[in-house]
Amino acid sequence: MIRYWQTPKAGNRSRLTLKECESPPLPEHQVRVRVDAVGLNFADIFALTGLYSATPGGAFIPGLEFAGEILEIGAQCQRFTVGQRVMGVTRFGGYSSQIDIDPDYLIPLPDQWSMAQGAAYPVQTLTAWYALTRLGAVQANHQVLVHSAAGGVGLQSMKLCQALGATPVGTVSSESKASWLKQQGFDQVLVRDRHFARQLTKRGQQFDLVLDAIGGEVQKASFNALNPMGRLVVFGAAEFTPSGQRPDYLRALWRYLKRPRYDVMDMISSNRSVLAFNLIWLWEQKSEMQSLLKELADVPIPAPHVGHRFAFEQAHDALSLLQSGQTIGKVVLTLR
Ligand SMILES: NC(=O)c1ccc[n+]([C@@H]2O[C@H](COP(=O)([O-])OP(=O)(O)OC[C@H]3O[C@@H](n4cnc5c(N)ncnc54)[C@H](OP(=O)(O)O)[C@@H]3O)[C@@H](O)[C@H]2O)c1
């Protein structure tokens, strides 16, 4: 039997229900993976609450990444072997004990990594890499401001900056996250206060690149702290995170109306730019995704940090913790 978490439709996270079904026949061009660990992403919360533009209409299984072992190989598949450990990305459908998938979306799991580390790798590391290299054009001497630096994408970005010789400056919302980051060897960490713009001005530091998935005042202040030729790369808006199981539409509308806006004429004069992306687009661009993964394989960074593990049945608790904004590193559901 396959166990999976499904919601009948987006809009209220409490509708997510654990279900069971029989295994269907394996399509001949796919491989079957026994899932051992599922990586949670902030996008899962936005998808379940209906605030994510890529959310499927109607019923769907959330989840964008997983790690496990190959159980079976379709008749027309030449790659991978039964028993091989893999990690994979999927455009939804990840919260499941078994996944049938096109092998192009799988990569071998390094021998020394746990399944949980594998489930913590693809989405957040690809996001960090795409933001830093493709859009951010990061250079070895760059000062890079990384928001939510103790989170999944943030931590991978901090490590990648160091590996590329750039200087990462992390921001977080609590002292406990800051001291944890310092213990990991990141010496420039800022605990954001309510007056972030003033805080940055007081610090007097300018940046060549900013990675932002918070939005609002934090984003605007960060743009203002860019050096000439600097880039602000935006890939999320955590300030819209609902406080409960459903979105607070009025609060979201207020934030939407107050969102920072950028004038291209001003950008020309100040010689600073804004770029943005949504990585789910890569799902359709397999060769681009594979070349990004290949580039990443050559960058020496340690295995992802799994900060929080939950049993598969505890998906609601895991999502609540992730949504609280208190997590460090990756939140993972484990199946064995
Ligand atoms: N565009 C894309 O393709 C793409 C791909 C992956 C991820 N993302 C985005 O990147 C961000 C990071 O994703 P992740 O999965 O790695 O999550 P994460 O960073 O592990 O967790 C989200 C973090 O957002 C911060 N945050 C700021 N305001 C918040 C609020 N009002 N409520 C809760 N948290 C808040 C918190 O850190 P601090 O409070 O310490 O800042 C929290 O830990 C998310 O916004 C996600 O949507 C975008």
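Domain bounds here come from an automatic or database domain assignment. Keep that in mind as you work through these exercises, and remember that you're looking at a predicted model.

**Exercise 1. Work out which parts of the protein surround the ligand.**

Step 1: Start with the domains. The shell around the ligand takes at least three residues from domain 1 (2–121 + 303–334) and at least three from domain 2 (123–279).

Step 2: Now look for helices. Helix H3 (122–135) gives at least two residues to this shell, and helix H4 (152–164) also gives at least two.

Step 3: Pick out individual residues. There are 22 residues around the ligand, and those that come nearest are Ser148, Val153, Ser173, Phe235 and Leu279.

Step 4: Sort the shell by class. You should get 11 polar, nine nonpolar and two charged residues.

**Exercise 2. Find polar atoms of the protein that lie within 3.5 Å of an oxygen atom of the ligand.**

Step 1: Go to Ser148. An N or O atom in its side chain is 2.7 Å from a ligand oxygen.

Step 2: Move on to Ser173. Here a polar side-chain atom sits 2.7 Å from an oxygen atom of the ligand.

Step 3: Check the backbone too. At Ala213, a backbone N or O atom is 3.4 Å from an oxygen of the ligand.

Step 4: Ask how much of the ligand is covered. On its own the ligand has 900 Å² of accessible area, and the protein covers 88% of that.

**Exercise 3. Describe the second largest pocket: its volume, its lining and the helices involved.**

Step 1: Get the volume, which is about 540 Å³.

Step 2: List the lining. It has 20 residues, and nearest the centre of the pocket are Gly216, Glu217, Val218, Glu239 and Arg255.

Step 3: Trace the helices. Helix H6 (196–203), helix H7 (216–224) and helix H8 (249–257) give at least two lining residues each. H7 has the largest share, with four residues.

Step 4: Sort by class. The lining splits into eight charged, seven nonpolar and five polar residues.

**Exercise 4. Compile a description of the cavities of 30 Å³ or more.**

Step 1: Count them. Searching the whole structure turns up two.

Step 2: Take the largest cavity. Its volume is about 50 Å³, and its lining includes Leu51, Phe240, Pro242 and Arg251. Glu239 and Arg255 belong to this lining as well, and you met both of them close to the centre of the second largest pocket. By class, you'll find five nonpolar and four charged residues, but no polar ones.

Step 3: Turn to the second largest cavity, with about 40 Å³ of space. Among the residues lining this cavity are Ala120, Gln124, Leu155, Lys159 and His305. The largest share of the lining, four residues, belongs to H4, a helix that also helps form the ligand shell.

Step 4: Finish with classes and domains. The lining of the second largest cavity has six polar, three nonpolar and two charged residues. Domain 1 and domain 2 each provide at least three residues of this lining, just as each does for the shell around the ligand.

Note on methods. Residues are numbered from 1 along each chain as its sequence is written. This is a predicted model: local features need pLDDT of at least 70, side-chain atom pairs count only at pLDDT 80 or more; totals for chains, interfaces and linings use all residues. Side-chain values use heavy atoms; hydrogens and water are left out. A residue is near a molecule or strand if one of its heavy atoms lies within 4 Å of it. A polar contact is a pair of N or O atoms within 3.5 Å; within protein, one must be able to donate a hydrogen and the other to accept it, and residues adjacent in sequence count only if both atoms are side-chain atoms. Accessible areas come from the Shrake-Rupley method with a 1.4 Å probe; for residues, only the protein chains shown count as cover. Ala, Val, Leu, Ile, Met, Phe, Trp, Tyr, Cys and Pro count as nonpolar, Asp, Glu, Lys and Arg as charged, and the others, Gly among them, as polar. On a 1 Å grid over the protein atoms alone, a cavity is a set of points where a 1.4 Å probe fits but cannot get out, and a pocket is an open set with protein on both sides within 12 Å along at least five of seven lines; lining residues have an atom within 4 Å of a point. Grid points are joined across faces, edges and corners, and a volume is the space filled by probe spheres set on the points.
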